[in-house]
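The following questions and answers concern the arrangement of a protein chain and the surroundings of its ligand.

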Amino acid sequence: MSQELEHVKCLIIGSGPAGYTAAIYAARADLKPVLYTGMLAGGQLTQTTDVDNFPGYPKGIMGPEMMEDFRIQAERFGTDIRFGYISSVDFSSLPHKVVVDEEKTILADTVIISTGASAKWLGLESEQKYNGFGVSACAVCDGFFFRGQDVAIVGAGDTAAEEATYLAKLCRKVYMLVRRDEFRASKAMVHRTLHTPNIEIIYNTETTEIVGDGQNVTGVRVLNNKTKEERILDVTGFFVAIGHKPNTDIFKGWIHMDETGYIITHPDSTRTNVEGVFACGDAQDHIYRQAVTAAGTGCMAALEAERYLAGKEHMIIV
Ligand code: NDP
């Protein structure tokens with residue numbers, strides 16, 4: 001006996017601010033969205049503490065609590081939220097085929113990709129231990145907690161340069177740890193970094209350990225890879241800015257992406273190269289990567305999915 005396939009109008013993949021916002025709009029437009037959360041339900045924000053820059057929360061809110069609010073709001077309008085991850089897709093024909101947990105296949109008229117991105121980490125045990133207790137991968141999110149203190153940031157790309165100058169406005173001193181003897185960042189960003197007086201750039205340097213008192217970060221052990229000299233910098237905050245990886249591997253071969261894996265959408269739109277497939281949030285945005293911008297593009301994706309479906313219905317009636 002053949003297994004009956006579930007057919008949905010709108011399938012949303014991912015449960016960060018982009019996915020849940022898409023769900024709120026799609027549900028209110030009666031698209032009866034089904035949302036798969038992925039393995040980290042609530043996305044990257046569930047791994048942060050206070051969120052002070054999301055409008056509408058004047059006193060700030062904890063990241064996990066905010067994502068719970070997003071979920072409740074999406075459910076309130078009838079989104080069918082399911083725990084599970086999408087293991088593969090087949091976008092070769094309409095409706096799109098999406099496989100959940102390597103088992104169940106769903107047919108979807110529209111797919112909204114909001115799978116987000118994951119920060120890259122150095123991979124040190126001590127980095128994991130103090131994550132959220134002085135170690136962060138987002139200066140804009142967490143820099144505020146280190147006002148007037150000394151911090152270190154690792155990385156030499158545009159993100160690291162931008163975040164170092166951001167931190168320099170809040171912190172007393174920012175050590176910037178660059179593993180080679182030069183930056184990867186653009187000339188303009190390097191110029192700005194070099195001309196910020198309270199940023200000290202330490203070249204040819206690798207981070208070997210995040211030092212702490214068992215609760216919070218108290219320093220970072222660094223190694224000069226030329227002289228092999230080791231020392232500890234006294235810092236209370238350690239920021240990792242060595243790049244992000246968009247969670248888009250399962251769409252490779254179907255959806256156009258840049259060399260890092262960020263999904264390429266049409267200008268001023270969330271439309272991808274595949275009809276009926278839209279992408280929003282950090283899976284598609286390598287520039288802003290904020291919860292509020294992800295929510296904004298999530299809204300766009302749902303509106304575009306709705307218009308796409310309305311256009312199809314119109315064609316059928318005519
Ligand atoms: P990048 O991949 O450009 O840079 C990563 C940096 O981290 C590199 O300098 C790299 O060193 C360093 N790094 C990687 N692994 C390690 C490690 N294990 N230890 C120490 N250092 C490490 O990532 P970004 O996030 O900076 O930028 C991603 C893209 O987004 C880029 O195209 C960038 O231009 C763009 N962007 C643009 C902005 C803007 O226009 N305003 C702002 C932010 C990003 P190495 O150089 O030695 O490889």
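Q: How many salt bridges does the rule find across the interface of domain 1 and domain 2?
A: The model is predicted, with local features needing pLDDT of at least 70 and side-chain atom pairs pLDDT 80 or more, while totals for chains, interfaces and linings use all residues. Residues are numbered from 1 along each chain as its sequence is written, and side-chain values use heavy atoms, without hydrogens and water. A salt bridge requires a side-chain nitrogen of Lys or Arg within 4 Å of a carboxyl oxygen of Asp or Glu. Across the interface of domain 1 and domain 2, the number found is 0.

Q: What is the area buried between domain 1 and domain 2?
A: Buried area is the accessible area (1.4 Å probe) that two parts lose on being put together, summed over both. Carbon and sulfur atoms give 45% of the area buried here. The total between domain 1 and domain 2 is about 560 Å².

Q: Which residues of domain 1 and domain 2 does the domain assignment give?
A: The bounds come from an automatic or database domain assignment. Domain 2 covers 121–240. Domain 1 is given as 4–118 + 244–317.

Q: Which residue has a polar side-chain atom 2.6 Å from an oxygen atom of the ligand?
A: A polar contact with the ligand is a pair of N or O atoms within 3.5 Å. A polar backbone atom of Ala156 is 3.2 Å from a ligand oxygen, and a backbone N or O atom of Gly157 lies 3.3 Å from one. The side-chain atom at 2.6 Å belongs to Thr159.

Definitions and conventions. Polar contact = N/O pair within 3.5 Å; in protein donor to acceptor, adjacent residues only side chain to side chain.
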